[in-house]
Amino acid sequence: MLKYIFIAVGIFFLLLVGYMFFAVSAFSFGDGKFYTKQDLINHYKTKTREIQEVKRYINTIVPSGKEVDIEFEGDDKLAIFHVEENGAYDSNWDLKFNSAKVDTLLQKLNWTKENIRVLKRKLDEAGCISVKNGEPCNIGFQRSGMGEFFYNLFDGPVSDSLRNQYEHSCTHVFYTDRIILEYGGGAIGPQCFPVDTVDQKQRQPTTSNF
């Protein structure tokens with residue numbers, strides 16, 4: 001009887017390891033590195049102008065009433081290219097730059113491939129990988145393991161009501177009154193903002209011109 005119990009436990013662990021390997025392979029992008037909140041903050045201090053330029057550009061080229069969420073992977077691949085129009089979502093993953101589907105999405109947005117190239121260049125200059133237009137503009141810094149760190153950039157100071165919502169979320173942290181840091185968990189693993197050694201005073205919102 002004990003023999004069969006050991007066999008059953010062994011099979012369970014093999015299945016668990018296999019599932020985790022499949023999940024990592026199927027749902028993770030990026031280079032496999034791990035980042036911290038301090039990396040996110042330090043990067044913004046270094047690349048403030050370039051990150052704000054990504055925000056300006058994406059909000060300029062996306063037509064009114066539409067929303068674009070795009071992430072680049074390498075020079076010839078779009079890890080995601082989601083387009084929303086009037087509540088209708090067109091979600092797309094792992095698209096080749098030169099593909100019929102990308103051409104269709106570009107037509108929907110009245111974009112040319114030059115728009116994509118310029119957006120990719122601006123993200124590269126900012127040291128970031130993804131962007132979503134709107135208020136706030138959401139810019140993806142880097143994937144960390146199976147999760148990803150983001151900057152949420154507002155045009156003006158965050159309202160008290162919105163601030164209250166973010167303060168009750170385990171996935172967001174205030175950096176300034178116009179910048180909220182975000183962590184998006186992956187298919188498995190931690191879903192809340194990882195805790196690191198950042199000075200506790202940085203948890204309090206400060207005033208910023210950006």
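**Exercise 1. Is Lys66 buried or exposed, and what is its relative accessible area?**

Work it out on this predicted model, then find the salt-bridge partner of Lys66.

*Solution.*
- Step 1: The relative accessible area of Lys66 is 16%. The cut-off for buried is under 20%, so Lys66 counts as buried.
- Step 2: Look for an acid. The side chain of Lys66 meets that of Glu85 in a salt bridge, at 3.8 Å from N to O.
- Step 3: Place the pair on the chain. Glu85 sits in strand β2 (residues 77–85) and Lys66 in strand β1 (residues 66–72); with their positions 19 residues apart, the bridge links distant parts of the chain.
- Step 4: Check the acid too. Glu85 has a relative accessible area of 29%, which makes Glu85 partly exposed.

**Exercise 2. Take the salt bridges Lys120–Asp124 and Arg163–Glu167, and work out where each one sits and how accessible its residues are.**

*Solution.*
- Step 1: Get the N to O distances. Lys120 and Asp124 come out at 2.8 Å, while Arg163 and Glu167 come out at 2.9 Å.
- Step 2: Find the elements. Helix α5 (residues 113–126) holds both Lys120 and Asp124, 4 residues apart, or about one turn of the helix. Arg163 and Glu167 belong to helix α6 (residues 160–167); they are 4 residues apart, so about one helical turn separates them.
- Step 3: Add accessibility. Lys120 is buried at 15%, whereas Asp124 is partly exposed at 44%. In α6, Arg163 is partly exposed at 31%, and Glu167 is partly exposed at 47%.
- Step 4: Zoom out. Glu53, Arg56 and Lys122 are joined into one network by salt bridges that share partners, and the whole structure has 19 salt bridges.

**Exercise 3. Describe how helices α2 and α3 meet.**

*Solution.*
- Step 1: Start with the axes. Those of α2 (residues 37–46) and α3 (residues 48–61) come within 5 Å and cross at roughly 90 degrees.
- Step 2: Classify the angle. The range for roughly perpendicular is 65 to 115 degrees, so α2 is roughly perpendicular to α3.
- Step 3: List the residues. From α2 come His43, Tyr44, Lys45 and Thr46; they meet Thr48, Glu50, Ile51 and Gln52 of α3.
- Step 4: Sort them by class. The contact has 2 nonpolar, 4 polar and 2 charged residues.

**Exercise 4. Sum up the whole chain: how many helices and strands does it have, and what share of its residues is buried?**

*Solution.*
- Step 1: The secondary structure comes to 6 helices and 9 strands.
- Step 2: Of the 210 residues, 43% count as buried.
- Step 3: Among contacts with a separation of 6 or more, 54% are between residues 24 or more positions apart.

Notes
Residues are numbered from 1 along each chain as its sequence is written. This is a predicted model: local features need pLDDT of at least 70, side-chain atom pairs count only at pLDDT 80 or more; totals for chains, interfaces and linings use all residues. Side-chain values use heavy atoms; hydrogens and water are left out. Axes are lines fitted to C-alpha atoms, for helices over the stretch in contact, and angles run from 0 to 180 degrees between N-to-C directions. Helices (H or I, at least four residues) and strands (E, at least two) are DSSP runs, numbered from the N terminus. Angles under 35 degrees count as roughly parallel, over 145 as roughly antiparallel, 65 to 115 as roughly perpendicular and the rest as oblique. Contact means heavy atoms within 4.5 Å. Ala, Val, Leu, Ile, Met, Phe, Trp, Tyr, Cys and Pro count as nonpolar, Asp, Glu, Lys and Arg as charged, and the others, Gly among them, as polar. Buried means under 20% relative accessible area, exposed over 50%, partly exposed in between (1.4 Å probe, protein chains only). A salt bridge is a side-chain nitrogen of Lys or Arg within 4 Å of a carboxyl oxygen of Asp or Glu.
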